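Here is a short briefing on one protein chain and its ligand. Keep the structure open as you read.

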Amino acid sequence: MRQKKVKYATKEILESYGVIVEPKRLNLDEKRTYLEIGSGKGQFITKLAEDNPNDIFIAIEVNINVCFRIMEKKEAMKLDNLIIILGDASFIHLYFDLESIDGIYLNFSDPWPKAKHHKRRLTYPTFLKTYVSLLKNNGFLQFRTDHQPLFQESIEYIENYFHITEVENNLSASAYMTEYEIKKRAIGPIYQLIGKVEKHVKEGL
Ligand SMILES: C[S@@+](CC[C@H](N)C(=O)[O-])C[C@H]1O[C@@H](n2cnc3c(N)ncnc32)[C@H](O)[C@@H]1O
């Protein structure tokens, strides 16, 4: 969906508020660290960060206009434990050490329904391999969507890399919902799966 242009959303302004605008290795300490990829306007990750002040949360979002909205929420909520990256998930390996992330969230990722575009899906095997390399042993991937074909096809990709521990075909509402989830709940069911990284699976990759 096309996002409204935000007049003040420039890289320079975002950088002045601490948003990371160019790829660089992050120096993460020993705290638990969670990453949301394609955060949109940031409602989910900001609420998680607010409720878990001892953990580190990282939002990566490629669209500068929606990234600006995450930054506004971070400022309004005074979240010291939220790092915002303006960037493309294709390059996440440039930001993180191997096995440094405890959990990855994918919420309402673009479905890319045409077969010729499937490799752009954030659940496509090329992305999954990177997620496995960045996750700690027993780290998790949580994927939530309203798009049934994407969900079904993503299960097929994900089960090759993760041990799927939970599949929900009609997820209940919760305190942690994205802007998309709130809209899409009015129309139909929400699907969610959780997959865990298992060391023997990682070693086989
Ligand atoms: C359908 S929206 C969902 C936004 C949010 N997760 C929600 O549920 O409200 C998908 C979001 O993922 C972002 N996105 C798509 N591909 C991306 C990529 N390769 N790297 C980072 N963000 C991406 C888009 O800019 C968009 O904000």
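The points below go from the whole chain to one strand and then to the ligand.

This is a predicted model. The chain holds seven helices and seven strands. Of its 205 residues, 40% count as buried.

**Overall build**

- From the N terminus on, the elements run α-β-α-β-α-β-β-α-β-α-β-α-β-α.
- The C-alpha trace spans about 40 × 40 × 35 Å along its principal axes.
- The radius of gyration is 16 Å. A compact globule of 205 residues would have one near 17 Å, so the chain agrees with that expectation.
- Many contacts link distant parts of the sequence: among those between residues at least 6 apart, 76% join residues at least 24 apart.

**Strand E1, residues 33-37**

- How many of the five residues of E1 are buried? Five of the five are, so the strand is largely enclosed by the rest of the structure.
- In a regular strand, side chains alternate between the two faces of the sheet.
- In E1, both faces are covered. Thr-33, Leu-35 and Ile-37 lie on one side, Tyr-34 and Glu-36 on the other, and all are buried.

**Neighbours of E1**

- Which way do E1 and E2 run, parallel or antiparallel? They run parallel, joined by five bridges.
- Within this pairing, Glu-36 stands opposite Ala-59 in E2.
- Between E1 and E2 the chain passes through helix H2, residues 43-51. This β-α-β crossover is right-handed.
- Strand E4, residues 101-107, also pairs with E1. Four bridges join the two, and they run parallel.
- Tyr-34 has Gly-103 in E4 as its bridge partner.
- Tyr-34 and Glu-36 are thus placed on one side of E1. Tyr-34 has its bridge partner in E4, while Glu-36 stands opposite a residue of E2.

**Around the ligand**

- How many residues surround the ligand? There are 20.
- The closest are Gly-38, Gly-40, Phe-108, Thr-178 and Tyr-180.
- Strand E2 (56-61) and helix H6 (179-184) are the elements that give two or more residues to this shell.
- H6 supplies the largest share, three residues.
- By type, the shell divides into seven nonpolar, eight polar and five charged residues.
- E2 thus appears twice in this briefing: it is joined to E1 by five bridges, and it gives residues to the shell around the ligand.

Technical notes. Residues are numbered from 1 along each chain as its sequence is written. This is a predicted model: local features need pLDDT of at least 70, side-chain atom pairs count only at pLDDT 80 or more; totals for chains, interfaces and linings use all residues. A residue is near a molecule or strand if its C-beta atom, placed from the backbone, lies within 6 Å of it. Ala, Val, Leu, Ile, Met, Phe, Trp, Tyr, Cys and Pro count as nonpolar, Asp, Glu, Lys and Arg as charged, and the others, Gly among them, as polar. A residue is buried if 20 or more other C-beta atoms lie within 10 Å of its own, exposed if 12 or fewer, and partly exposed in between; C-beta atoms are placed from the backbone. Two strands pair if DSSP finds at least two bridges between them. A crossover is right-handed if, with the strands pointing away from the viewer, the path from the first strand over the helix to the second runs clockwise. The radius of gyration is taken over C-alpha atoms; the globule rule is 2.2 Å times the number of residues to the power 0.38. Two residues are in contact if their C-beta atoms, placed from the backbone, lie within 7 Å.
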